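Work through the exercises below with the sequence and the 3D structure at hand. Each task is followed by a solution in steps.

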Amino acid sequence: MGRGRDEAHPGELTSVAVGSVGIAVAARQPLRVRVRELLDREWFLGPLFITPALILLVLLVAYPFGMALYFSVSNAFIGRPSHLVGFRNFINLWQSDAFRQTFQNAFVFTGTAVAFKLVLGISLALLLNQQLWFKRLIRGAVLLPWVIPTALSTLGWWWMFNSLYSVVNWTGIALGIMDPPGPNWLGQKYYAMTAVVAVNVWRGLPFFAITILAGLVSIPRELYEAAETDGAGPWSRFWWVTLPMLRPVLTIVVLFSTIFTFSDFNIVYVLTHGGPINSTHLFATLSRQIGLESGRIGEGAAISLYLFPVLAFVVYAQLRFVRKQNY
Amino acid sequence: MHVTRRRFLTSTGTGFAAVLATGIPPARGQQREISYLCWSNFAPASDKKLAEIGQRFTKDTGIKIRIDHIASAQQAAKHASEVQTQAGHDLVEMRMETPWLYEPQLVDVSDVVGELEKKYGKAISSAHEGAYVKGVWRAVPQYHQIFSAAYREDLFKKAGLKVPDTWEDLYPVGKELKKMGNPVGIPISQNWDSISTAYAVLWNFGAREVDKDGKTVVINSAETAAAVEWYKKMYRDCMEPEVLSWNDQSNNESLQQGKAGWIHNPISAYIVARNRKLVTADGINHHRSLGGPGGRHEIDVPRSMGIWKFSKNVEASKEWMRYLLGKKEVYDEYIMSGDAFNLPSYTNLHDHPVLKTDAKFANLRGEGVSYHIYGWPAPPSDKNQLITNSFILPNMIAKAVTGTPTKEAIAWAEAEMKRILAS
């Protein structure tokens, strides 16, 4: 603005400059006020705050999800034109032995891992809730498995289960509880599933323990005191006070964990690559094998979305349950 | 020189107007730039050499080149995402039959391959199978990694064992090796090495998965049964159950750490042992992959270089191909840096000087060898690739060696293959 005025009236520089300052101040004042007023209004401020997150969600979650939905009902092949085929992918998948095995694996893996994480998570949280020496240090250390990148920590587990160097077997043999050469952890169906579940439990336990601990800390002491006055022992206090009070937290933790465990990828990919004979394949690993390595993204998307309706219903039911709890 | 504002505006404005009027960018903007995505080679020195050659290429041609490396396991996902988004690198290095998967997305490079074949002789059979798609070269054969037998020559000599020539010969040798505590190490799991060896065994027993037409499943045969029976007795008498859990590194490590007495692998197992000065290195030697009643067909891992169709620098990319592979001295230098892990892909270069750099490479010369890629003799269509990638072959063998009757295991594989071809 200033330069334009310079060119128009080169001889009146000083007076114009003073004038322009005056104009600028006069014009800025109402704008600031107007903005402030605008920010005071909920209809404007609310969407303003939500917009960045919404843009991110649309770009990074909704759009890929929409694409996945489309792919799953099309014969999409990487880099080639595709057309819709309805639910054919979902129906054809059921004829595949590898897929049926994967379907079964997913439930065994998730069911076992979440059950172990729940029981061990509650136990660990109760332990961490006690007055322990180095309490903070221990609480911090418990989180470590959750903080280390999974691919990296799983590689460590791979060494521990490795047929040549297995420290698990070495220890077992040294202690006399295993016969040499010890179990073939990643080469036999049930051992391999045990191994991948064990690593998943190891990794997911801190999430359970710390979240449940937060729930435990928030239970009012008076409830325990009242129960003790009524003559309740430790088991009764746990069963009738702790557990009911933890239920909303447990529901949320189990819900999240179920979804994460169903969609686990790294552990199986690094440890077993889905083997032996597809006995540890999960939806995500099989989906990669078919969708990316073999180019059939339509079928790959169908595999990863196979359980979407079931999981969506579980999420809906659990969230409804939590809302009813009025906690 | 003092530049006034007026002078600056006049000169830049005129320049900009000139660019707009003529449509020709200034000299600086004209510098062409290409990008090249390749795997992190298991022979790392060859990646360093590639970078060095890239710098010389820029100096000689004025074309800038950016070379990126990713782990082999990530290549499939990266290729897929570049094709889906139609953005990324100009050139890509591809493993085995990948050019078939991306055929519609790859530029015809038959002209470059024609020039190279004129100079170095025909591309080897496996390179041809992998990159020559329906009458068009979709990628330029770059180098290949052979599967040879790596064995503990010191143990063989000690026990008076004869170097095997056929897979059947390996059985008595393997029995002795296992007794000595140095079993044979052939993985039977969901990894690439398992597939590679399984194909080699299958072919040399005269069996095939899918016929030449790419449509007829022929796995259910007496020859396949013979191959499976061979695996069963090898598993029982010459190997340990650990092979069911192995990944691609495991057989290398087993040989390097002094356990396995014989493995079937690219020569990286020896190179690593030698470079890390492991005690086993001196005792390791190589012999050619084995034959059988069905002939002598060897599994091979050819790698080739393709140009995405979405690239805006096709000609500059071809210049890089011609520079790296078409100049004999540069190609030689590149191959020499790879310690015989990367061998040239053209028939007249079989007797390459790299094979004389170590006495342990002497048996790796490939004249007259019938090299093939996964799925041969069927053309590597996407359905045939899915058969390979689904680990049906190693899983059929794994089922058989762990108790499923041979017939049943083969019938299972046949049903799975038929289902994929019909889909």
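A residue counts as buried if 20 or more other C-beta atoms lie within 10 Å of its own, and as exposed if 12 or fewer do. The model is a predicted one.

**Exercise 1. Exposure of a helix**

Task: Decide whether helix α11 (residues 221-229) of chain A is enclosed or lies in the open.

Solution. Step one is to apply the cut-off to the nine residues of the helix; the number buried is zero. Step two follows from that count: α11 of chain A lies largely in the open, because none of its residues is buried. Step three looks just past the helix, where A:Gly231 follows with a positive phi, near 90°.

**Exercise 2. Confidence**

Task: State how far the predictor trusts each chain, and find which element of chain A has the lowest mean pLDDT.

Solution. Begin with the whole model, which scores ipTM 0.83 and pTM 0.86. For chain B the mean pLDDT is 92, and 93% of the residues reach 70 or more. Chain A averages 86, with 90% of its residues scoring at least 70. Within chain A, the lowest mean among the elements is 41, for helix α1 (residues 2-8), and the highest is 95, for α5. The stretch of residues 1-25 of chain A has pLDDT below 50, and beyond near neighbours in sequence it makes six contacts in the model.

**Exercise 3. The contact between the chains**

Task: Describe the side of chain A that touches chain B by its elements and residue classes.

Solution. First count the residues: 29 of chain A are in contact with 32 of chain B. Next assign them to elements; those of chain A that give two or more residues are α5 (97-128) and α14 (283-291). Last, sort the residues on this side of chain A by class, which yields 10 nonpolar, 15 polar and four charged.

**Exercise 4. Domains of chain B**

Task: Which segments form the domains of chain B, and how many residues does each domain give to the contact between them?

Solution. The domain assignment gives domain 1 as 31-142 + 302-357 and domain 2 as 148-288 + 390-422. The centres of these two domains of chain B, taken over C-alpha atoms, are 30 Å apart. Five residues of domain 1 and four residues of domain 2 take part in the contact. On the domain 1 side these are four nonpolar, no polar and one charged.

**Exercise 5. A sheet and its edges**

Task: Take the open sheet of four strands in chain B and work out which strands stand at its edges.

Solution. Write down the order, β8-β9-β7-β10, with mixed pairing. The edges are β8 (184-185) and β10 (284-287) of chain B; each has a single partner strand, so one side of each is left without a neighbour in the sheet. Then consider β7 (residues 148-152) and β9 (residues 262-265) of chain B, which pair in the antiparallel sense over four bridges. One of the residue pairs is B:Ala149 with its bridge partner B:His264 in β9. Finally add helix α13 (residues 268-275) of chain B, which packs on the sheet and touches β7, β9 and β10. The direction of α13 makes about 155° with that of β10 of chain B.

**Exercise 6. Strand β3 and the residue in the loop after it**

Task: Establish whether strand β3 (residues 91-95) of chain B is enclosed or open, and name its partner strands.

Solution. Four of the five residues of β3 are buried, so the strand is largely enclosed by the rest of the structure. Strand β1 (residues 33-39) of chain B is joined to β3 by two bridges and runs parallel to it; B:Tyr36 stands opposite B:Leu91. With β11 (residues 297-307) of chain B the pairing is antiparallel, over five bridges, and B:Arg95 has B:Arg303 as bridge partner. In the loop between β3 and α5 (98-101) of chain B lies B:Met96, whose phi is positive, near 50°.

Task: Compare the surroundings of B:Met96 with those of B:Lys134.

Solution. Most residues other than glycine have a negative phi. B:Lys134 has a positive phi of about 45° and lies in the loop between β4 (132-133) and β5 (136-137) of chain B. B:Met96 has 28 other C-beta atoms within 10 Å and is therefore buried. B:Lys134 has 9 C-beta neighbours inside 10 Å, so this residue counts as exposed.

Conventions:
Residues are numbered from 1 along each chain as its sequence is written. Chains are lettered from A and ligands numbered from 1 in the order in which they are written. This is a predicted model: local features need pLDDT of at least 70, side-chain atom pairs count only at pLDDT 80 or more; totals for chains, interfaces and linings use all residues. Two strands pair if DSSP finds at least two bridges between them. Two residues are in contact if their C-beta atoms, placed from the backbone, lie within 7 Å. Axes are lines fitted to C-alpha atoms, for helices over the stretch in contact, and angles run from 0 to 180 degrees between N-to-C directions. Ala, Val, Leu, Ile, Met, Phe, Trp, Tyr, Cys and Pro count as nonpolar, Asp, Glu, Lys and Arg as charged, and the others, Gly among them, as polar. pLDDT is the predictor's confidence in each residue, from 0 to 100. Domain bounds come from an automatic or database domain assignment.
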